[in-house]
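Grab the model and work through these exercises at your own pace. Try each task before you read its solution.

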2 protein chains.
Amino acid sequence: MGRWEPDIRVKLQEAALTLYLENGFDQTTAAQIAKLAGVTERTFFRHFADKREVLFDGSDALKELICSSVAEASLSKPPMDALLHSLVVVAEIFDNGRKDFVRKRYDVISANPELRERELAKLADYAIGIAKVLKERGMDELRAILAAEMTMTVLRVGMQQWVHGDEGETFATVICKLFTELRAVTEEA
Amino acid sequence: MGRWEPDIRVKLQEAALTLYLENGFDQTTAAQIAKLAGVTERTFFRHFADKREVLFDGSDALKELICSSVAEASLSKPPMDALLHSLVVVAEIFDNGRKDFVRKRYDVISANPELRERELAKLADYAIGIAKVLKERGMDELRAILAAEMTMTVLRVGMQQWVHGDEGETFATVICKLFTELRAVTEEA
């Protein structure tokens, strides 16, 4: 669904974010989004199952990207270095002209408790996926779970910091800074 | 609400967990819970706003407990040691005869996506509270956020491990083990 007509898909996403931010997610209908994007409501539903999917349809692809990146990371490094590298790969995609979209999406989700809960559940699901990959690569299960959870914590906190932080700072830089902080918090005095 | 008649409150919680596990959360009504507990439906609603609150009504008290424990933790220790100590205080309360209740609650929530999302949102809210306390105590904001998030990760993963782990192992022991693992994951090779 929606592999064709990439422009219409992007137009629908942009129209949706504009309306969610202006009028609130709950108050916006698929018909209004379609109208603003200059297409029919039927076209909207050819691209997205519902108005919530406009916000979450890239989630599965992102999960796959992170997991495959973790699966391919060098094993000669300490685990957190490999995970840092995987997140930087993801961050660079966001740094490539996606900030405006990511920021608007972040603001829409932050303003709505139901969407926030859905987002947290998605990230928890990523953590399960990463832990599985790390375990398959021979890491002890408990350690794999913790490493995966910390990776997702860095992604989530990093996004908060990045979307409303200094315009000149890349997401990749924010991620690197957070990994340094993570070490500082856990290390012995 | 419900400070009187503690026995009825506990009875209602136990009846609710029994029915949620047997028939599913969605299929259970307040009337059925009241009946199993041997009280009227009106009594149920004197104690709980709805059937979901049976699972979450202790959340605010737990958040306060963790935050006040973090607020009082010794500052002479490294931050994660202070946070570990705070979680152990909480864990010891659970170790004091609460395992059966915590396990049932965990199983009910795990079986229901909507409840899982709500639980994650509650824990995210705890993390915000802990970060605020750490910041008030002079910790750099970003570091405070990360330290708080990691503390909640340990609580969440620890609960998963504890409720279905070795019967002889206390929650406090699981928490201590996880902090050691956390250090192992983040430290340089």
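Below are three exercises on how the parts of this structure meet.

This is a predicted model, where local features need pLDDT of at least 70 and side-chain atom pairs count only at pLDDT 80 or more, while totals for chains, interfaces and linings use all residues. Residues are numbered from 1 along each chain as its sequence is written, chains are lettered from A and ligands numbered from 1 in the order in which they are written, and side-chain values use heavy atoms, with hydrogens and water left out.

**Exercise 1. Describe the contact between chain A and chain B.**

Step 1: count residues. Chain A puts in 32 residues and chain B 32 residues, with contact meaning heavy atoms within 4.5 Å.

Step 2: look at area. The two chains bury about 3,200 Å² between them, 67% of it on carbon and sulfur atoms; buried area is the accessible area (1.4 Å probe) that two parts lose on being put together, summed over both. On the chain A side, Glu117(A), Leu146(A) and Val185(A) lose the most area to chain B, together 21% of what that side buries.

Step 3: check the charges. The rule finds six salt bridges across this interface, each a side-chain nitrogen of Lys or Arg within 4 Å of a carboxyl oxygen of Asp or Glu. In one salt bridge, Arg143(B) meets Glu181(A) at 2.6 Å, N to O.

Step 4: find the helices (DSSP runs of H or I, at least four residues, numbered from the N terminus). H6 (79–95), H8 (113–136), H9 (141–163) and H10 (171–186) of chain A each supply at least two residues of the side touching chain B. The largest share, 11 residues, comes from H9(A).

**Exercise 2. Work out how the two chains are related.**

Step 1: superpose them, by least squares on the C-alpha atoms of residues with pLDDT of at least 70 in both. A rotation of 180° with 0.0 Å of shift along its axis puts chain A on chain B, RMSD 0.0 Å.

Step 2: name it. That is the relation of a two-fold axis.

Step 3: locate the axis. Among chain A residues, Glu117(A) comes closest to it, at 2.5 Å (C-alpha).

**Exercise 3. Examine how the two domains of chain A meet.**

Step 1: set the bounds. An automatic or database assignment gives domain 1 (8–54) and domain 2 (58–188).

Step 2: size up the interface. These domains bury about 890 Å² between them. Leu17(A), Leu21(A) and Arg52(A) supply 60% of the area that domain 1 buries against domain 2.

Step 3: look for a salt bridge. The rule finds one between the domains. Arg52(A) forms a salt bridge with Glu114(A), the closest N and O atoms being 3.3 Å apart.
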